[in-house]
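Here are my notes for your first pass through this protein. Keep the structure open and check each point as you read.

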Amino acid sequence: MRSHRGVSPIRLGIALALATGLALAPVAQAAHGGAPSVAFTEPDYLKWLIDSRQPVVVIDLRPAAEYAAGHPPGARSVPMTELDRRFGEIPTTPMVVLYCRCSVEEAAAAYAFLETRGYLNHVVLQEGHEGWTRRRFPLVK
C-alpha cells in the first residue's frame, strides 16, 4: 500500500519512530553522580509538531513579561518561579516541551521537579528560547 506521496505507511512510520526516538533521546547533563538525566528535543522537531498540529503542550518557563514579548505559537506561560505551585496546570498527556532562557541546570531542575511529580511525558527544548528565535521560527504575542 502506498500513500499519496509514494511512501509506504510502514516506511513512514519507521522513519517517524526513528526521528522521534532520536529527538527525545535522554542525555546525561553531567559526569558527576546524582545529576539528573534530561530528555531533550530539537527546535526543528518542535516546529514540525506545531506545524503538523500534533498533540503537544509547550510550556514557557520564562518570566511572564518575557512570555508576553513573544513565544512559540500555542505556548503556555508557567514561570519557573511559579512552577512549584502551578505544575498542576501542565497536563500529563500529550508530550510536554519545556523551554526557558536559562542554564541547562535550571532547565534540568524543572524537568526533575516534574518527574518527581509523576510526569513521564516531558522534554526540554534544546537551546531553549534562543534556539527557537535564532532559527527565525514564528513568535506570537
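**Notes on the predicted model**

1. Start with the core. The largest nonpolar core holds 35 residues. Leu46, Val56, Ile59, Leu83 and Ile90 have the most contacts inside it. Six elements are worth colouring here: strand 2 (37-41), helix 2 (43-51), strand 3 (56-60), strand 5 (95-99), helix 5 (104-116) and strand 6 (122-125) each give two or more residues to this core. Helix 5 supplies the largest share, 6 residues. Bear in mind throughout that this is a predicted model.

2. Now step back to the overall layout. The protein has 6 helices and 6 strands. Read from the N terminus, the order of elements is α-β-β-α-β-α-β-α-β-α-β-α. Of the 141 residues, 36% are buried. The protein exposes about 8,300 Å², and carbon and sulfur atoms supply 59% of that area.

3. Look at how the chain meets itself. Take the contacts between residues at least 6 apart in sequence: 61% of them join residues at least 24 apart. One pair to check is Leu83 and Phe113, which are 30 residues apart along the chain. Their C-alpha atoms are separated by 8.7 Å.

4. Stay with Leu83. This residue is found in helix 4. Is Leu83 buried or exposed? Leu83 is buried, because its relative accessible area is 4%, under the 20% cut-off. Setting aside neighbours within four places in sequence, Leu83 is in contact with Leu61, Val78, Ile90, Ala110, Phe113 and Leu114.

5. Follow the contact to Ile90. Which residues does Ile90 contact, leaving aside neighbours within four places in sequence? They are Ile59, Val78, Leu83, Val96, Leu114 and Tyr119. Val78 and Leu114 also appear among the contacts of Leu83.

6. Helix 5 deserves its own look. This helix has 13 residues. From first C-alpha to last, helix 5 reaches 18 Å, close to the 18 Å expected at 1.5 Å a residue. Its buried residues are Ala107, Ala108, Ala110, Tyr111, Phe113 and Leu114. These pack against strand 2, helix 4 (83-86), strand 5 and strand 6. Just after helix 5, Gly118 takes a positive phi of about 95 degrees.

7. Next, the cysteines. The count comes to 1 disulfide. It joins Cys100 to Cys102, with an S to S distance of 1.8 Å. A disulfide is a covalent bond between the sulfur atoms of two cysteines. Compare the two ends. Cys100 counts as buried because its relative accessibility is 7%. Cys102 counts as partly exposed because its relative accessibility is 27%.

8. Arg62 is a good residue to zoom in on. Arg62 lies in the loop between strand 3 and helix 3 (64-69). Why does Arg62 count as buried? Its relative accessibility is 4%, and buried means under 20%. What does the side chain of Arg62 meet there? A polar atom of this side chain lies 2.8 Å from the backbone oxygen of Gly70. The side chain of Arg62 also makes a polar contact with the side chain of His129, at 3.5 Å. Not counting residues up to four places away in sequence, Arg62 touches Tyr67, Gly70, His71, Pro79, Tyr99, Cys100, Arg101 and His129. Note that Cys100, from the disulfide, is in this list.

9. Finally, check the backbone. Most residues other than glycine have a negative phi, and most peptide bonds are trans. Three places deserve a look against that background.
   - A cis peptide bond joins Thr93 and Pro94, with omega about -5 degrees. Pro94 is found in the loop between helix 4 and strand 5.
   - Arg53 is not a glycine, yet has a positive phi of about 55 degrees. Arg53 sits in the loop between helix 2 and strand 3. At 76% relative accessibility, Arg53 counts as exposed.
   - Glu127 is not a glycine either, and has a positive phi of about 75 degrees. Glu127 lies in the loop between strand 6 and helix 6 (128-134). At 32% relative accessibility, Glu127 counts as partly exposed.

Methods
Residues are numbered from 1 along each chain as its sequence is written. This is a predicted model: local features need pLDDT of at least 70, side-chain atom pairs count only at pLDDT 80 or more; totals for chains, interfaces and linings use all residues. Side-chain values use heavy atoms; hydrogens and water are left out. A nonpolar core is a set of buried Ala, Val, Leu, Ile, Met, Phe, Trp, Tyr and Cys residues joined through side-chain atoms within 4.5 Å. Buried means under 20% relative accessible area, exposed over 50%, partly exposed in between (1.4 Å probe, protein chains only). Helices (H or I, at least four residues) and strands (E, at least two) are DSSP runs, numbered from the N terminus. Contact means heavy atoms within 4.5 Å. Accessible areas come from the Shrake-Rupley method with a 1.4 Å probe; for residues, only the protein chains shown count as cover. A disulfide is a pair of cysteine sulfur atoms within 2.5 Å. The expected span of a helix is 1.5 Å times one less than its number of residues. A polar contact is a pair of N or O atoms within 3.5 Å; within protein, one must be able to donate a hydrogen and the other to accept it, and residues adjacent in sequence count only if both atoms are side-chain atoms.
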